[in-house]
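Me: Can you walk me through this one? I'd like to go element by element and ask as we go.

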Amino acid sequence: MKKSFLVLVIAALVAVTLTSCDIVEPGEPGLLVPRTVDEDNSIPSIFVNGTQLHSEAFGNPNDPMLIVLHGGPGGDYRNLLNCAKFSEDGFFVVFYDQRGSGLSRRHNKDIYTIQLFLDDLHAIINHYRQRQDQKVFLMGQSWGAMLATAYVNTRLGEVSGVVLSEPGGFTWTDTEEYMKRLRSLEVFDETSNDFVYLDQILTGNDHNELDYRAALQSAADFADGNKVGNAGPSPFWRQGAVCNAAAMEYARDHPFDFTTNLRQYTTEVLFLYSELNEAYGRVHAELVSSAYPNVQLTLISGTGHEIPYFGWDRFYPVARTYLNTIK
Amino acid sequence: MKKLAAVMILVMAMAEAGSAQNINWRSLREDQRNVVQFNFGYDFGATAQFGYGRSFDWVRPVMLRLDYSFPMGNNVVDDFKVRLGGEIEIVEIGGFSATLRIVSNLRRYQTELVRIVSFGSDFGVLAGYYKPTWHAAGEFGFDKSITSHLKHSDIMRTNYPEIRDGWYIPSGGHYYYGIQAGKSLGEYLDLSLRLGATNAQDDDENAVLPYYLQLGLGIKF
């Protein structure tokens, strides 16, 4: 009897505490993840290819264009903003959060295809291009480097050079192998268990809830002992969970090969891999980069997978030298 | 919304019932009212679980339990689940038996980005065939994380300064369904196995690994 009374008192105290606080729904916009361009018109954006994308550009619009492509799918360009410095080297630097990613407008799962990402990129180029003979360079990080290569493969004559940082692969087979090394769950590992333990507390089908959960699970990318070699967290706006899941599902159902025409692309390509990413390494870098006939394969020391962010001091001079030689 | 949360917390606490462990009602003797349980397996992570239960006869056989589980890792105190509740055998016909499980649970989860404290409940039904030295049963239940308090780290605040700490409701839930079986070893020990699958509520996205597997050792005294 005494025990039951005690339990009731404790429960009542908890209830009173809760009622004295604001209790809100996790799907409410702006509470747990930032609003997107269609929810906040103060965010710089452009309308292309039937969507609204978060986008910024730096430098003289008449200079050779350098399009920066972020990772993911579902990441954003926040941790690539250092690359705006290339505008001081005579490039018109363009950033955009890919469809459904970062601060760009969200879309439902069923619209995503690789062709759609390529069409968006083409629309971005056309949006910012000042004249038809303006050179276009692509700079991609991880998935962004894959997207850059897919674009080169389909539009051989339209890209004047590419800087690629650790693309997972240019075929689904190579990409899948890399991801297996990257994401293997280990039974006694804190990071692995943190990643899956959250699933019992937060579930959801709302974009805000899923993006928030993805943001929390991104702690695995910089946790102690992370395989990709990141020294710490890198900034992001929003993890596009639906975009990521949809793109992965699409790739599994429609295995891609971005290498079918690459042997005809004879322009030198700068291909970078990091010293600290245990899942990548020189062997995988040689395998993936071999699809291009003319490659400058370069190790960026002292950094992990997020090369342009954590390895900026080493990345920048290498990339600048490459770009200046083909500008 | 606030009133709903308060009522749910009260209901959970008043339920004061069971936990997801394997009981063979037929193997419990009159002089063995206490059970200490050790489990290991996969339950949203590789987890270890320790529990204590005591059985009573209140019209029907009842076992009240308290257990604590935690996932493996370098830090075994930052994430955990405490469950308080019980199981009551509601039907017994020959060797067949059906049991109702009612549990309130408290979960804690912490990473470099967030600390979450979550209150929830677990309602389940078990039905199967029970003999004094073994049992096999099926189970079905719903584990709900009713409300969660989120406290974000400086890293999250740097990324998104407007991010809001506080209580959020609802936060999550999943159905679980599977089988369990047990075998008594002598007078004092029970070995048990639970395995099954989970399915997130409504149209929510499923867990990365939507399964559970638990091996257990119970000591009766």
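What follows is a chat about the sheet, the helices and the cores of this model.

Me: First, what kind of model is it, predicted or not?
Reply: It is a predicted model.

Me: OK, the sheet in chain A. What is the strand order?
Reply: The order is β2-β3-β5-β4-β6-β7-β8-β9 in chain A. These 8 strands form an open sheet, and the pairing is mixed.

Me: Which are the edge strands?
Reply: β2 (45–48) and β9 (295–300) of chain A, each of which pairs on one side only.

Me: And how much twist from one strand to the next?
Reply: The average is 25°.

Me: Let's take β6(A). Is it mostly covered or mostly open?
Reply: Strand β6 of chain A, residues 136–141, is mostly covered, with 6 of its 6 residues buried.

Me: Which residues point which way?
Reply: A:V136, A:L138 and A:G140 point one way, while A:F137, A:M139 and A:Q141 point the other way. All of them are buried. As a general point, side chains in a regular strand alternate between the two faces of the sheet.

Me: What does β6(A) pair with, and over how many bridges?
Reply: On β4 of chain A (residues 65–69), the pairing with β6(A) is parallel and has 5 bridges. A:L66 has A:F137 as its bridge partner there. Strand β7 of chain A (residues 161–165) is also joined to β6(A) by 5 bridges, and these two run parallel. In that pair, A:M139 is bridged to A:V163.

Me: How does the chain get from β6(A) to β7(A)?
Reply: Through helix α3 of chain A, residues 143–154, in a β-α-β crossover that is right-handed.

Me: Where does α3(A) sit on the sheet?
Reply: Helix α3(A) packs on the sheet and touches β4, β6 and β7 of chain A. Its direction makes about 145° with that of β6(A).

Me: Back to β7(A). Why call it largely enclosed?
Reply: Because 5 of the 5 residues of β7(A) are buried. A:G161, A:V163 and A:S165 point one way and A:V162 and A:L164 the other.

Me: And what about its pairing with β8(A), how many bridges?
Reply: β7(A) and β8(A) pair in the parallel sense over 3 bridges. A:L164 is bridged to A:F271 in β8(A).

Me: Continuing outward, how do β8(A) and β9(A) pair?
Reply: Strand β8 of chain A (residues 269–274) pairs with β9(A) in the parallel sense, over 6 bridges. A:T298 in β9(A) is the bridge partner of A:L272.

Me: Switching to cores. Which residues touch the most other members in the largest nonpolar one?
Reply: A:L66, A:I67, A:V68, A:V93 and A:V94, out of 58 residues in that core. The element that gives the most to this core is α3(A), with 8 residues.

Me: What is A:V94 in contact with?
Reply: Leaving aside neighbours within four places in sequence, A:V94 is in contact with A:A57, A:M65, A:L66, A:I67, A:V68, A:I124 and A:Y128.

Me: What does the second core include?
Reply: That separate core of 27 residues includes A:V33, A:A219, A:F222 and B:W167.

Me: Now α6(A). Why is that helix described as largely enclosed?
Reply: Because 10 of the 11 residues of α6(A), residues 207–217, are buried. Among them are A:H207, A:E209, A:R213 and A:Q217.

Me: What do the buried residues of α6(A) pack against?
Reply: They pack against α5 (190–197) and α7 (241–253) of chain A, together with β6 (114–131) of chain B.

Me: Chain B, then. How many helices and strands?
Reply: Chain B has 2 helices and 11 strands. From the N terminus on, the run is α-β-β-β-β-β-β-β-α-β-β-β-β.

Me: What radius of gyration does chain B have, against a compact globule?
Reply: Chain B has 18 Å, which agrees with the value near 17 Å for a compact globule with 221 residues. Its C-alpha atoms fill a box of roughly 60 × 40 × 30 Å along the principal axes.

Me: And what share of chain B is buried?
Reply: 43% of its 221 residues count as buried. Among contacts in chain B between residues at least 6 apart in sequence, 55% join residues at least 24 apart.

Technical notes
Residues numbered from 1 in each chain as written. Chains lettered and ligands numbered in written order. Predicted model: local features only at pLDDT ≥ 70, side-chain atom pairs only at ≥ 80, totals over all residues. Buried ≥ 20, exposed ≤ 12 C-beta atoms within 10 Å, placed from the backbone. Helix = DSSP H or I, 4+ residues; strand = E, 2+ residues; numbered from the N terminus. Pairing = 2+ DSSP bridges. Right-handed = clockwise from strand over helix to strand, strands pointing away. Contact = placed C-beta atoms within 7 Å. Core = buried A, V, L, I, M, F, W, Y, C linked by C-beta atoms within 7 Å. Rg over C-alpha atoms; globule rule 2.2 N^0.38 Å. Axes fitted to C-alpha atoms, helices over the stretch in contact; angles between N-to-C directions.
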